[in-house]
Amino acid sequence: MDSRLLDALQCPLCKNVFRKRKRGRSDRGSDFGVIECRCSEFPVVAGIPILRNDALTEHVKDVILNDNPSVALHLLLNRPTNFLPGRPSLAKLASKVRHLPDPFSLVSRYLTGGATIESQFNSVESIDTFDEAVRTVGITNRYCQYLLHRPFAQSFWNCHAVLPLVTAETGPVLDYGGGWGHTAQLLKIATSRPIFSLEVDFKPLYFTKRYLEPETKGVIIERGNDLPFSEDAFKTLIDLDGFHYVHNKNGTASEYERVTRADGSILLLHTHNSNINERANFGAPLRASEYAECFSRETIGVPERDFLTDFVTASDTYTASDTSVSETQEFNFFIGHDEVSIDWTDHPLSNPSGEFTLNPLYEKSANGITRGTVLPAFAREFDLSMEATNEYYSRDEIHDRARELLYKGVLTTLPPTYTSSDRRISI
Ligand SMILES: C[S@@+](CC[C@H](N)C(=O)[O-])C[C@H]1O[C@@H](n2cnc3c(N)ncnc32)[C@H](O)[C@@H]1O
Ligand SMILES: [Zn+2]
């Protein structure tokens, strides 16, 4: 386990530091083990501490103490743990089916919801890419598609837009409700700062470390508990598309303020506004005017769409000193700011060069790249993206407009472990 992560953690219950427990060392080295404080012992699985007190966590801890890391991992991924001796050979057989001509291969894809048959038999541990692995861990085909296209969703563009604010600060960044790692990966590559990610769900954090950004310092927390860090541990806290899902908003807001220095930034990006009913069933959103009341620090709230339109239409700078509460769907809140000022000319990715990964929504051809179809279920989420990106970019355009394509999620900073086909583009 990452020693910098262990050093930064404090127990959410007794507030003491952790140390590694001596017994229970497994054949996987220190990525699997148990950490202890004065009040509790918690398991560490694939380098991720699970700071929870439920029956599953207890079971996982026992399994680790019995030197069975693979079983611990599969318990947390909610996958079968009775590793049948025949499974790997079934996977091999299934991979042959994939190479059969249509309609056999089509039928096999249909039966497995778009996944390859071999991935149904293989353990996630043996799958090399995010796009294949994500289909094996029990989430819907629809959500798999959403995750693959994530950098193209307008809410994700916020992360690009605030990068100059992040680079202006120092020290580690806390990505709260970090999800499947798209944010952690971008923050890491663009700012080189250590990225801590907190999640209530194990799968996304495992995927983050395994496929997107292995250096992410990820921790699983219990909803409603205090955050596992000391006061003023961070200068930047990002919560993208997350705060409306938090049930104890006042308690969480005061925890955000405790772990973030008063001269730092807490950024609540893409926060749903309950004035608009359309998304009433996504989490438990407040009215736009109510979010700021959860915090004691100065807060500026701006409608996301206006902010992003400025960003992608290449404004040089963004400034806001008032909260504008309007009837728009989503808001960005800048907490700890009496004024927001972002210089987009000084953006860490303003002169992209090197290799980038094409968003899986796009197809590469000899002459350029063409956009595919977004599922109707995400039409609202991808509304601005569809409006602001062309359906076709010629080869020359890709090079001339690389910065813009990157900000809009057509190109991504994601590593080759993201998709299985060759989707790398050199700039
Ligand atoms: C819509 S996703 C956003 C993920 C990521 N920030 C992104 O933008 O790609 C919300 C995430 O918050 C997590 N989450 C929900 N409630 C939470 C809570 N109370 N504390 C921490 N994470 C939570 C969920 O597991 C989920 O991964
Ligand atoms: Zn404790």
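Trainee: How do the residues of the shell around ligand 1 divide into nonpolar, polar and charged?

Mentor: Ala, Val, Leu, Ile, Met, Phe, Trp, Tyr, Cys and Pro count as nonpolar, Asp, Glu, Lys and Arg as charged, and the others, Gly among them, as polar. A residue is near a molecule if its C-beta atom, placed from the backbone, lies within 6 Å of it. Here the shell holds six nonpolar, six polar and five charged residues. This is a predicted model: local features need pLDDT of at least 70, side-chain atom pairs count only at pLDDT 80 or more, and totals for chains, interfaces and linings use all residues. Residues are numbered from 1 along each chain as its sequence is written, while chains are lettered from A and ligands numbered from 1 in the order in which they are written.

Trainee: Which residues come nearest to ligand 1?

Mentor: Gly177, Gly179, Asp201, Leu240 and Tyr245, out of 17 around the ligand. Helix H11 (182-191) and strand S6 (195-199) each give two or more residues to this shell. Helices (H or I, at least four residues) and strands (E, at least two) are DSSP runs, numbered from the N terminus.

Trainee: Is Arg210 buried, exposed or partly exposed, and why?

Mentor: Count C-beta atoms, placed from the backbone, within 10 Å of the residue's own: 20 or more others means buried, 12 or fewer exposed, in between partly exposed. Arg210 has 19 such neighbours, so it counts as partly exposed. Arg210 is found in helix H12.

Trainee: What is Ile48 in contact with, beyond four places in sequence?

Mentor: Contact means C-beta atoms, placed from the backbone, within 7 Å. Ile48 touches Leu205, Tyr206, Lys209, Gly218, Val219 and Ile220 in this sense.

Notes: Contact = placed C-beta atoms within 7 Å.
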